[in-house]
Structure formats: C-alpha cells, structure tokens
Amino acid sequence: MAASPPKLLILFCLLHLLSPSKSESFIGVNYGQVANNLPPPSATAKLLQSTAIQKVRLYGADPEIIKALANTGIGIIIGAANGDIPALASDPNFAKNWISANVLPYPSSKIILITVGNEVLTSGDRNLMTQLLPAMQNVQNALNGASLGGKVKVSTVHSMAVLRQSEPPSSGSFDPSFGDLMKGILAFNGATASPFTINPYPYFAFRGDPRPETLSFCLFLPNQGRYDPNTKINYMNMFDAQLDAIRSALNAMGGNNVEIVVAETGWPYKGDADEVGASVDNARAYNGNLIKHLRSMVGTPLMPGKSVDTYLFALYDENLKPGPTSERSFGLFKPDLSTTYDVGLSKSSNQAPETPVPAPVTPGTAPVSPAPKAKTTSWCVPKPGVSEPQLQANLDYACGHGADCRPIQPGGSCFEPNTLQSHTAYAMNMFYQATGRNPLSCDFSQTATISSNNPSNSLGLFQHSCFVTYQSSYKHFCCW
C-alpha cells in the first residue's frame, strides 16, 4: 500500500497531538468516606473534572456527592449495603422506595450502576448469600418500573476469594461451595447485560507470594513472566493474570458474555513495619503503570484490544478506618486536593508522568542508568528466529509500558498484516522510540536489535508510516 501524502499525515498527527485521548471512560476511582477530614463534595467534583477520571464508585448513596456530580458527565456507581440485602430481597416495596430515595431525585447525575452488597459470597453468612440474588432482582425490577432498567445496571461486588483456583489463569474456577449461587448471579448478569465486578489486588497477592520476582510481576516492571502451559501465554503482570483467571472462571460457568469491571484495585503508599511493599515508590509504580497499561488499550491476553473498566482505590485516604496503617494509606489525593504522588491523572497532561521507562532486564540484575540518547535515526526490531512465546512476551511488555498500541488493534491503521511478528515489531519500536531511543530499551532479553534501516523497507512488515520516530518537542508519537 502506498504511503499517505505527507501533508495528510502531518495533519493527522497534529490533530492527534492536539486532541486529548478518548474520554478514557475506563478509568474510575473509589470515593470512600470513612474519614473526618475530607473536602466538601463540591470541591471534589471540581477536582475530578480536572483529571482523566471519568467514573466514581461510592460505597453508599450520599446525596451531597451525587448532587455535586450532577451535569459533570462523570459516571457514578452507588451501593446498597449488606445490611439492606434482607429487606431488598423480601420486600419489593423496599426496593422501590430505595430507588425512589437514591436514584430518582437525581436526573442530572449520571448513575450507571448499583452494587447490591460487597463481597457477600465470601462473607461466610449463608443466609445473606442466599438473599443476594433476590435482592438484586428486586432492585432491577424497581428500576424497570421507573423506566430506568436499560440505563442503570445492577450487580454485586466480589473478592478474588470467589476463585477456588487462579494459577495458571486458564485454570481459573469458582469455589464450588457456592456454585449454584454463582450460577444464578451470572445468569442475572447475562440477562441484564450487567458486569461481573471484582476486587483484584496484586498488592495482597504479592504479600502472600514469596517468590523473588513477584514484586516486579505485580508492579508491571521487567520480569521473565509466568507461563500458562495450557494457553502458551506468558503473563507479564499480575493484573492481567488475575483478570484472565476470572475470565476463565466465567467462561467455565457459562458466563462468556458477561463483562468484567474492576471495582477496586490499588497499592498502599505507607504501612506498618511488617507491611512489606507498602511504599510511595511501589504505589506510584503500580498505579502509574496500571494507568499506562489501560491507556495502551492492549487489554489482557484473553480479552485483547479493550481496557477493562477499572476503579482505582482510592480518591482519598480514610483516616478513621480501623486496622493496619496501609488501610488508611491508599489515597491518590490529599484532603487539600494536592496529589499524594503523581500518576499522570491530570487532564492537562492526560499522560503518565514522564519518568524513565525501565528497559527489560534479566531478573536479579542491578538496574542500569539510562544511556545517552541516540542522535541518529534508528529502529528497534526483533532478531531473526525469535520464538512466538518470546514475541508475545515482548508485545505484552511494550504495550503495557507506554507504547501506543492502538494502531495495531483491529481496525487500526497498522493492524495489517495481522501477524504476531508484525505487531511485535511495531510495539517494540514504539517502546524504543518512547524512551528516547535508549539502547537499553531495545534489549528485550537479548531478542531485539537496533537497525538503521526503516523496518518497513528491510522487513516489509508495514506501510512506511507505521514505523515512527519520537518527536521529543511534542512528547508524543508522530507520523513522518
């Protein structure tokens, strides 16, 4: 295919640079209120509008917050407490009154989902567990009666403990002790097109996994990955592995058409002396790299090409929460509205902070200081003969660490030819260009090489415009 005329390419790039990325509706945040020092909801609404955050999850249905978010376009999840479940399950009128009190008064607020209960199936309360589905059904019926059934969805939030097995991800399966209850909930999700909402926390997985490479695996940092022999997928981060374990469990129970929403995930920036891994650096790495991963739109290996809606935990610290210090140290923002640490959520930048992206290195070796940027035009490409599992690992790493991989998604300008080698070459080069053509960023476990020849010519993989150089003056990828 002939390259597009240069003028059109330049115009396309300028439009891309000047316009913010699509609304990023996949980025949300949890707004807890177990605190006595939080700013007023009106100030929080203004804060949220200055960020890329498009959705907010509340644990209840605070009217002041819901009103403050009116006409902002920010989606709102509200919650019915576990204590409300018996009444919601046994009395349809209670459900109608709940909707009348917590949804109907706010037509200008964008309520998108009601979560009935939190982690009920793993609560150990069998009576509550059996009442969960009838409660969800009555809330749905109340919404239908108010002509809101297609606008506001109903679901419930689960912990990762609903899984009996999660490693490798392809073996993901639900705990059979509540199998019938889960089948009923999944049937409800499928019939109403509501999501399966889950709370994956790589932080807790790290604390329970003594393997030396686990921290890097959880923080989206360079690592050798974890291989799933059933699917031949080498997972490069815990987040994807956890979500694909849920995906496998859903598919195994007939929930293939049920979408996943991450209701909570985060990393504490502070902890007690025995809370290993709770630090500002780790919290910044997890949340910042997670946001980059979501923005790459690469998805997970079993759910490619689409970012799962993800609600970060949390907007603010909740200083009245009981338990260890970490429970009160998840806030992305302080009560004075300043950032606790920067993960690139400001709408003005709409990008993750421009910190050096670590080059792939062999686990166990010391980090290397960035080398001087190359001044000549160069490209990063796979070496001949690289295996498909390694190509896939390189693709996953590059797309999850800042490379803009949207053009190689279906329908993208560089999707064809649709081969693993082509897509990996594109992603590796994007990663290399994004890090200022640092030679260390073209290592990929010694499976890559730097070329002075445009790969579109030497490899014949893409049209000329698919291989780009990094324009540091714009701090974006651009065509040429």
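Let me start with the chain as a whole: of its 480 residues, 52% are buried, and I should say at once that what we are looking at is a predicted model. The secondary structure comes to 14 helices and 18 strands. If we take the contacts in the chain with a separation of 6 or more, 71% of them are between residues 24 or more positions apart. The accessible surface comes to about 20,500 Å², and carbon and sulfur atoms account for 55% of that area.

With that overview in place, let me go to some particular elements, beginning towards the start of the chain. Helix α2, which runs over residues 41-49, has as its buried residues Ala43, Thr44, Ala45, Leu47 and Leu48. What lies over them? The cover of these buried residues includes the strands β1 (27-31) and β2 (55-58), together with helix α3 (63-68).

Next I would like to look at Asn223, which sits in the loop between α9 (214-218) and β9 (226-228). Is this residue buried or exposed? Its relative accessibility is 9%, and since the cut-off for buried is under 20%, Asn223 counts as buried. Its side chain has polar partners on the backbone: it reaches the backbone nitrogen of Gly225 at 2.7 Å, and a polar atom of the same side chain of Asn223 lies 3.0 Å from the backbone oxygen of Met236.

From Met236 we can step along to helix α10, residues 238-252. This helix has 15 residues and reaches 21 Å from its first C-alpha to its last, which is close to the 21 Å expected at 1.5 Å a residue. At its start, a side-chain oxygen of Asn237 comes to within 3.2 Å of the backbone nitrogen of Phe239, and just after the helix Gly254 takes a positive phi of about 85°. Because 13 of the 15 residues of α10 are buried, the helix is largely enclosed by the rest of the structure.

Let me turn now to a pair of positions that are well separated in the sequence, Cys218 and Ala285. Cys218 is buried, with a relative accessible area of 0%, and Ala285, which lies in helix α11 (residues 280-295), is buried as well, at 16%. Although these positions lie 67 residues apart in chain numbering, their C-alpha atoms are separated by 9.5 Å. If we leave aside residues up to four places away in sequence, Ala285 touches Leu219 and Leu290.

Finally, the disulfides. How many does a search of the whole structure find? It finds two. One is formed by Cys380 and Cys442, whose sulfur atoms are 2.1 Å apart, and with 90° about the S-S bond this link is right-handed. The pair links distant parts of the chain, 62 residues apart, with Cys380 in strand β15 (residues 379-382) and Cys442 in the loop between α13 (420-434) and β16 (448-451). Both Cys380 and Cys442 are buried.

The other disulfide joins Cys399 to Cys405, with a distance of 2.0 Å from S to S. Here the angle about the S-S bond is -95°, and the link of Cys399 and Cys405 is left-handed. As for their surroundings, Cys399 is buried and so is Cys405.

Note on methods
Residues numbered from 1 in each chain as written. Predicted model: local features only at pLDDT ≥ 70, side-chain atom pairs only at ≥ 80, totals over all residues. Heavy atoms only, no water. Helix = DSSP H or I, 4+ residues; strand = E, 2+ residues; numbered from the N terminus. Buried < 20%, exposed > 50% of the residue type's maximum accessible area, 1.4 Å probe, protein only. Polar contact = N/O pair within 3.5 Å; in protein donor to acceptor, adjacent residues only side chain to side chain. Expected span 1.5 Å × (residues − 1). Contact = heavy atoms within 4.5 Å. Areas by Shrake-Rupley, 256 points an atom, 1.4 Å probe, with all protein chains shown as cover. Disulfide = S-S within 2.5 Å.
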